[in-house]
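Trainee: I would like to learn how to read the features of a structure like this one, step by step. Could we put it on the screen and begin with the helices?

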Amino acid sequence: MSAPRNRPEIVVEGFPRRRPRWTEIATSADHKDLGRLLITGALGFLFVALIELLLMRLQLAIPENTFLSPVAFNRMLSLYGATAIFLFAIPLALGLFYYVMPLQIGARGSALPRLGQIGAWLYVFGATVLYVGFLFTPSEAGVNPLAPLTELAFLANNGVDAWASAVGLATLGFVLIAIDLVTTLRNMRAPGMAWRRLPVFSWAAAISSWLLLFIGPVMLAAIAMLLIDRNFDGIFFADGSGGAPLLWQHLSWIFYTGSYMLILIAALGAIAEIVPTFSRKPLFNRGAVIGSLVAIAVVGTLAWMQNMLTAPIGVGWMYFAMIMSLALIVPIGLIAFNLIATMVGGTLRMRAPLLFALGALAFIAIGLSGELSHSLVAAAWKLKNTTDATASTHFALVGGAVFGGFAALHYWFPKMTGRTMGESLARISFWTMVVGALLAFAPLFLAGGEEGQVIDAYKFFDGTGVNAYNLIASIGSLVLAIGIVITLMNAILSRTGGPEARHDQWGGDSLEWLTLSPPEPHNFDVLPDVRSAQPMRDIREAIAHRAGRPTEQPARESQPVA
Amino acid sequence: MAPHSPGTDQIDTLLWIGFVAAVIFVVAIVGGLLYTARRYRSERGAEPRQVRGGRGIQVRVGATLALFAVALFVAGVVFTERARETPATGPAGLQTASTEPLTIKATGQQWLWRYDYPNSAFSYYKLVVPVDTSVVLDLVSTDIVHTWDVPELSGKRDAVPGKTNRVVFRADEEGVYRGQAATLSGQAYAAMRTEVQVVSPDEYQAFIESQKTDIQTAQDRVVRLIEQGETP
């Protein structure tokens with residue numbers, strides 16, 4: 001028996017584009033277009049950040065190198081930090097949320113599309129300001145430019161202003177997108193999509209957005225104060241006139257620590273979608289994973305003073321930071337446990353998304369385990385601002401943003417483009433990246449932990465016992481860069497030339513797989529009635545039941561009505 | 001780097017505890033991932049077991065992790081408190097510092113450290129302290145944030161303008177200990193190094209006395225030149 005032909009269908013394929021493509025891109029307020037804008041921008045800036053990283057590693061390949069001047073190195077460092085965090089990691093997470101979350105909750109669009117559009121373009125403007133500024137006078141003040149180095153008296157050119165404007169614009173954009181995400185999640189869920197049935201990645205979107213609503217304005221306030229200090233004779237961070245240099249540290253570290261957590265939450269959310277799909281098992285315990293993601297956002301951000309353990313603050317505050325960062329052991333450990341338990345007894349299809357997801361989890365585990373010693377107050381007195389910190393942070397964030405981001409990219413690429421990414425290139429890229437990341441960052445653990453090599457320095461001295469570590473790290477970062485570029489090339493090539501994807505490419509359980517690949521502008525012809533946390537599985541079963549045959553893919557021309 | 005002060009001994013012990021904890025976590029998580037990824041391939045041909053975990057196992061795993069975190073916290077507090085203690089001056093140390101520690105003011109500035117000794121002598125770059133003596137450095141800054149870091153003698157501490165931070169140590173052996181500023185402070189940051197020379201109490205006394213006379217002589221000469229109407 002075949003499927004009945006007279007069920008209601010709305011076929012919407014084949015609408016002609018009325019305007020040129022660039023006009024569509026520039027004026028669209030559709031969450032999918034804006035999500036793709038953010039993701040494309042983020043991946044582009046990943047490439048830029050890699051070049052900056054390689055230039056710095058080239059300078060640090062041999063002791064007392066003169067390849068980059070001190071000023072050039074500091075500019076590269078400042079640019080790398082801003083690019084990697086504000087132009088790559090956060091927008092990649094937000095872009096994925098923006099694209100996927102409305103599909104997952106069964107919405108036909110986002111709740112406040114124009115607000116999200118302003119947000120996405122503010123990010124583009126911020127990026128432009130940063131790199132236009134770079135052509136003239138880039139910032140020299142470092143990844144988190146600590147006051148009062150940023151005061152006019154110490155850096156008189158416009159570099160810090162350009163940095164502050166760029167980062168401020170981008171952060172404002174992120175906050176606006178977060179408002180749209182939160183509103184969409186509250187108002188646009190399909191009938192029956194209760195919070196308890198929300199997919200984990202959408203939960204991650206909700207948690208990250210709420211987190212951004214708290215930390216984003218804090219950063220914006222700090223940047224406003226910085227700009228007032230520099231341009232209107234302000235004294236917020238200047239010592240001697242009632243200002244407080246430590247105020248900048250508190251405000252900025254709240255944001256940086258919070259966005260660290262945001263990147264981890266986004267990555268873990270994506271991994272928690274990918275692992276069950278590719279194990280063909282439900283998540284071991286949804287509630288525990290979601291609860292842990294909430295805990296990471298709250299507890300992790302409250303640990304901001306972990307970055308200030310050598311500053312003149314009371315020892316009580318140091319212990320507070322230690323409690324909060326050690327408390328992270330519980331949610332992170334629980335998530336790792338649940339993901340591993342999900343795989344136990346499953347049937348793993350070791351495709352690219354799962355491969356990158358497992359790599360991401362492993363690197364996040366290494367990075368956060370390295371961070372443990374940075375939480376133990378007295379140990380942090382030795383390790384802070386050594387390359388040990390560089391290693392921990394890069395393991396966790398390269399694991400989260402790059403490996404996790406690539407896992408998500410491979411997973412949702414078929415949905416976004418209608419094509420799958422090349423599997424063999426993905427494998428080559430993955431193993432190159434694993435080797436590269438281990439070579440690039442593991443030696444820095446030793447250089448920092450054993451020999452006390454300091455971070456952010458434009459050179460290191462011969463005879464301090466760190467020559468070999470740095471050379472290996474430089475070679476490793478080149479290998480890592482090659483691996484990353486292979487995946488970027490793979491994405492570009494597969495966009496038009498990849499194997500055609502099915503609408504339900506991986507057999508996922510959430511609603512984005514009910515839409516066409518790529519989805520139509522309105523996402524869903526018919527809104528599904530959600531009855532469980534695995535709506536797509538219910539739909540597949542309903543179709544199979546109705547047709548009296550085992551589950552198979554929905555027809556290409558239209559969507560099944562469930 | 002081998003510790004040469006009671007405080008850095010404690011720091012090293014705590015570092016070991018942190019390292020062991022990190023290894024346990026990495027082995028458990030990465031090992032678990034590698035094992036399950038190999039063991040449960042779809043090629044083995046079994047149907048996936050549709051099981052979910054109940055609340056009980058989550059509570060047990062969570063409680064185990066929490067115990068681990070609490071143990072680390074307790075270790076962290078114990079060793080931090082020990083590392084914070086001001087050590088007492090030993091028998092080979094400067095005896096005038098037997099009750100009150102020897103207090104030296106260390107001033108960070110772009111891109112040099114200045115040390116002011118109790119007898120109003122001062123030195124740049126090189127700090128001279130007596131061996132086996134309790135030393136307190138009062139860290140201040142005249143411009144921006146700098147971090148004082150001589151890893152063999154002490155943990156690092158920030159010199160923040162408008163605030164005073166403290167470093168305590170008791171060097172157990174004569175010799176030269178090198179350090180480097182550890183917060184980005186502008187162009188010459190990487191070259192902002194310092195050196196602690198640990199000498200016997202007699203040599204220390206001789207050093208600060210001669211430093212004082214040298215500074216006095218130089219200042220007198222400048223004053224004399226100005227009085228004579230010359231530019232010094």
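Trainee: What is the handedness of the crossing of α7(A) and α11(A)?

Mentor: Two packed helices are described by the angle between their axes and the distance between the axes. Before the case itself, keep in mind that this is a predicted model. Here the axes of α7(A) and of helix α11 of chain A, residues 352-375, come within 9 Å and cross at roughly 135°, and that angle makes α7(A) oblique to α11(A). The crossing of the two helices is left-handed.

Trainee: Which residues make the contact between α7(A) and α11(A)?

Mentor: On the side of α7(A) the contact is made by A:L264, A:A267, A:I271, A:I274, A:V275 and A:F278, and on the side of α11(A) by A:P353, A:L354, A:A357, A:A360, A:L361 and A:I364. Sorted by character, the residues of this contact are 12 nonpolar, with no polar and no charged ones.

Trainee: Let us turn to the sheet. In what order do the five strands of the open sheet in chain B lie?

Mentor: Strands of a sheet pair through backbone hydrogen bonds, either parallel or antiparallel. In chain B the order is β3-β2-β1-β5-β8, in an open sheet whose pairing is mixed. The edge strands are β3 (122-124) and β8 (165-169) of chain B, each of which pairs on one side only, and the twist averages 25° from one strand to the next.

Trainee: In which sense, parallel or antiparallel, do β1(B) and β5(B) pair?

Mentor: Strand β1 of chain B, residues 102-109, and strand β5 of chain B, residues 135-141, pair in the parallel sense over seven bridges. For individual positions, B:T103 stands opposite B:V136 in β5(B), and the bridge partner of B:G108 in β5(B) is B:S141.

Trainee: And in which sense do β1(B) and β2(B) pair?

Mentor: With strand β2 of chain B, residues 112-116, β1(B) pairs in the antiparallel sense, over five bridges, and the two strands form a hairpin with two residues between them. B:G108 also has a bridge partner in β2(B), namely B:W113. The loop between β1 and β2 of chain B holds B:W111, which a cis peptide bond with omega of about -5° joins to B:Q110.

Trainee: Which side chains along β1(B) are buried, and which are not?

Mentor: The side chains of β1(B) alternate, so that B:L102, B:I104, B:A106 and B:G108 point to one face and are buried, whereas B:T103, B:K105, B:T107 and B:Q109 point to the other and are not.

Trainee: Back in chain A, why does A:A238 count as buried?

Mentor: A:A238 counts as buried because 20 C-beta neighbours lie inside 10 Å. Its place is in the loop between α6 (200-231) and α7 (245-279) of chain A. Leaving aside neighbours within four places in sequence, A:A238 is in contact with A:P148, A:E151, A:D229 and A:G243. Of A:P148 we can add that it is 90 residues from A:A238 in sequence but 5.9 Å away in space, C-alpha to C-alpha. A:P148 is placed in the loop between α4 (113-136) and α5 (159-187) of chain A, and a cis peptide bond with omega of about 0° joins A:A147 to A:P148.

Trainee: What is phi of A:R280, and what is phi of A:D456?

Mentor: Phi of A:R280 is near 55°, a positive value in a residue other than glycine, and phi of A:D456, likewise a residue other than glycine, is near 65°. A:R280 lies in the loop between α7 and α8 (286-302) of chain A and is partly exposed, with 18 other C-beta atoms within 10 Å. A:D456 is found in the loop between α14 (423-449) and α15 (467-497) of chain A and is buried, with 21 other C-beta atoms within 10 Å.

Trainee: To finish, how many residues of chain B are in contact with chain A?

Mentor: The size of an interface is often given as the accessible area lost when the parts come together, but here we can count residues. In this model 67 residues of chain B are in contact with 67 residues of chain A. On the side of chain B that touches chain A, α1 (6-39), α2 (55-84) and β7 (157-159) each supply at least two residues, and α1(B) gives the most, with 16 residues. That side of chain B divides into 37 nonpolar, 21 polar and nine charged residues.

Conventions. Residues numbered from 1 in each chain as written. Chains lettered and ligands numbered in written order. Predicted model: local features only at pLDDT ≥ 70, side-chain atom pairs only at ≥ 80, totals over all residues. Pairing = 2+ DSSP bridges. Helix = DSSP H or I, 4+ residues; strand = E, 2+ residues; numbered from the N terminus. Axes fitted to C-alpha atoms, helices over the stretch in contact; angles between N-to-C directions. Buried ≥ 20, exposed ≤ 12 C-beta atoms within 10 Å, placed from the backbone. Contact = placed C-beta atoms within 7 Å. Parallel < 35°, antiparallel > 145°, perpendicular 65-115°, else oblique. Left-handed = near helix turned anticlockwise from the far one by under 90°. Nonpolar A, V, L, I, M, F, W, Y, C, P; charged D, E, K, R; others polar.
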